[in-house]
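Subject: Handing over the structure

Hi there,

Here is the structure I promised to pass on to you. Please open it alongside this email, so that you can follow the residues as you read.

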Amino acid sequence: MNVDLSALKDWLVPVSTFVTLITASVGGWMSLREYRLKVQAETRLAKSTELEADVKLLKLFTEIMNIAHARGQTQLSEKVIEKVLSPETMKELGLTVATLRPALESSVISHPVGVAAQDAAIAAIWALGIKHEILRPVAIQALTSLSGFKEKVARPYLDDLKSKYSGKALASAEHEKKA
C-alpha cells in the first residue's frame with residue numbers, strides 16, 4: 001500500500017476544514033443553548049422581582065388608605081387589660097364573659113390623623129393610580145369609597161382617574177348605589 005502524499009495533502013485541507021466547521025457549529029449550538037437557558041432564568045427572576053415589588057407597592061398603598069380614611073396607629077394598653085380582667089374590677093363594673101368585649105375594646109387607643117395628612121393621602125392615592133397601572137383599579141375603588149365622606153377632596157381625583165382609565169371594571173361603592 002503506497003499512499004500518495006500529494007493526494008493525502010489534497011484531502012487533508014478539506015477534511016480539517018470540515019472538522020473545524022463541525023466543531024464550531026457544535027460549540028455555537030451549545031453556547032446558544034446555554035444563552036437561551038440563561039435568558040429564561042433571567043426572565044423568571046425579573047417576573048419574580050416585579051411580583052415582589054407589586055406586593056410591596058400594594059402593601060404601602062393599603063397603609064396610605066388607613067391615613068386617607070383617618071385611621072391612625074393603634075396601641076393596646078396592657079395595664080388597662082390587666083385591670084379590666086382582674087376579678088375585683090370585673091365584679092365592680094358588673095362585667096361577665098358575655099359583656100367583656102366592649103370593655104376590652106376600650107383598651108385599644110387609636111391615634112388621630114390630621115385633615116392635612118388625610119387630604120395628602122387621598123392625593124397620593126390618585127398619584128399612585130396615575131403612575132402605576134397595577135394600582136389604577138385599586139385607586140379608583142379607594143377614591144370611590146373615600147368620596148362617601150370626603151367628596152370635595154376625593155371626587156375630583158376620582159373623576160380625573162376614571163377619565164384616564166378605560167378599563168371596564170370601574171369601582172362602585174355602597175354610597176353611590178344609594179345616590
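Below is what turned up in it, grouped by region.

One thing to keep in mind from the start: this is a predicted model.

**Helix 1 and its nonpolar patch**

Let me begin with helix 1, which covers residues 5–68. Trp 11 is found in this helix, and with a relative accessible area of 61% Trp 11 is exposed. Trp 11 also belongs to a nonpolar surface patch of about 860 Å². Its other members are Val 15, Phe 18, Val 19, Ile 22, Val 26, Trp 29 and Met 30.

Leu 57, another residue of helix 1, gives a contrasting picture. Its relative accessible area is 19%, and since buried means under 20%, Leu 57 counts as buried. Leu 57 and Leu 135 are 78 residues apart in sequence, yet 8.4 Å separates them in space, C-alpha to C-alpha.

**After helix 1**

Please have a look at Ala 70 as well, which sits in the loop between helix 1 and strand 1 (74–76). Ala 70 is not a glycine, but its phi is positive, at about 65 degrees. As for its surroundings, Ala 70 is partly exposed, and its relative accessible area is 36%.

Further along comes helix 2 (residues 78–85), where you will find Leu 85. Leu 85 is partly exposed, with a relative accessible area of 42%. Between Leu 85 and Leu 104 there are 8.7 Å in space, C-alpha to C-alpha, for a separation of 19 residues in sequence.

Ala 98 is in the loop that runs between helix 3 (87–93) and helix 4 (100–105). With a relative accessible area of 71%, Ala 98 is exposed. Try picking Ala 98 and Ala 7 together in your viewer: they are 91 residues apart along the chain, and their C-alpha atoms are separated by 108 Å.

**Helix 5 against helix 6**

Two packed helices are described by the angle between their axes and the distance between the axes. For helix 5 (residues 115–131) and helix 6 (residues 136–146), the angle is about 155 degrees and the axes are 8 Å apart. Angles over 145 degrees count as roughly antiparallel, so helix 5 and helix 6 are roughly antiparallel to each other. Their crossing is left-handed.

**Salt bridges**

Side chains of opposite charge can pair when their charged atoms come close. How many salt bridges does a search of the whole structure find? The search gives five, and I will go through some of them here.

Asp 119 and Lys 150 meet through their side chains in a salt bridge of 2.8 Å, N to O. This pair links distant parts of the chain, as Asp 119 is in helix 5 and Lys 150 is in the loop between helix 6 and helix 7 (151–164), 31 residues apart. Is each partner buried, partly exposed or exposed? Asp 119 is partly exposed, with a relative accessible area of 23%, whereas Lys 150 is buried, at 15%.

Helix 7 has salt bridges of its own. The side chains of Glu 151 and Arg 155 meet at 3.5 Å, N to O. Both residues lie in helix 7, four residues apart, which is about one turn of the helix. Glu 151 is partly exposed, with a relative accessible area of 44%. This pair is also part of a wider arrangement, as a network of salt bridges links Glu 151, Arg 155 and Asp 159.

Asp 160 and Lys 164 form another salt bridge, at 2.9 Å from N to O. Because these two are four residues apart in helix 7, about one helical turn separates Asp 160 from Lys 164. Asp 160 is partly exposed, with a relative accessible area of 23%, while Lys 164 is exposed, at 52%.

That is my tour of the model. Do write back if you would like to go through any of it together.

Best wishes

How values were computed:
Residues numbered from 1 in each chain as written. Predicted model: local features only at pLDDT ≥ 70, side-chain atom pairs only at ≥ 80, totals over all residues. Heavy atoms only, no water. Patch = residues over 30% accessible without salt bridge, like charges linked within 9 Å, V, L, I, M, F, W, Y side chains within 5 Å. Areas by Shrake-Rupley, 256 points an atom, 1.4 Å probe, with all protein chains shown as cover. Salt bridge = Lys/Arg side-chain N within 4 Å of Asp/Glu carboxyl O. Buried < 20%, exposed > 50% of the residue type's maximum accessible area, 1.4 Å probe, protein only. Axes fitted to C-alpha atoms, helices over the stretch in contact; angles between N-to-C directions. Parallel < 35°, antiparallel > 145°, perpendicular 65-115°, else oblique. Left-handed = near helix turned anticlockwise from the far one by under 90°.
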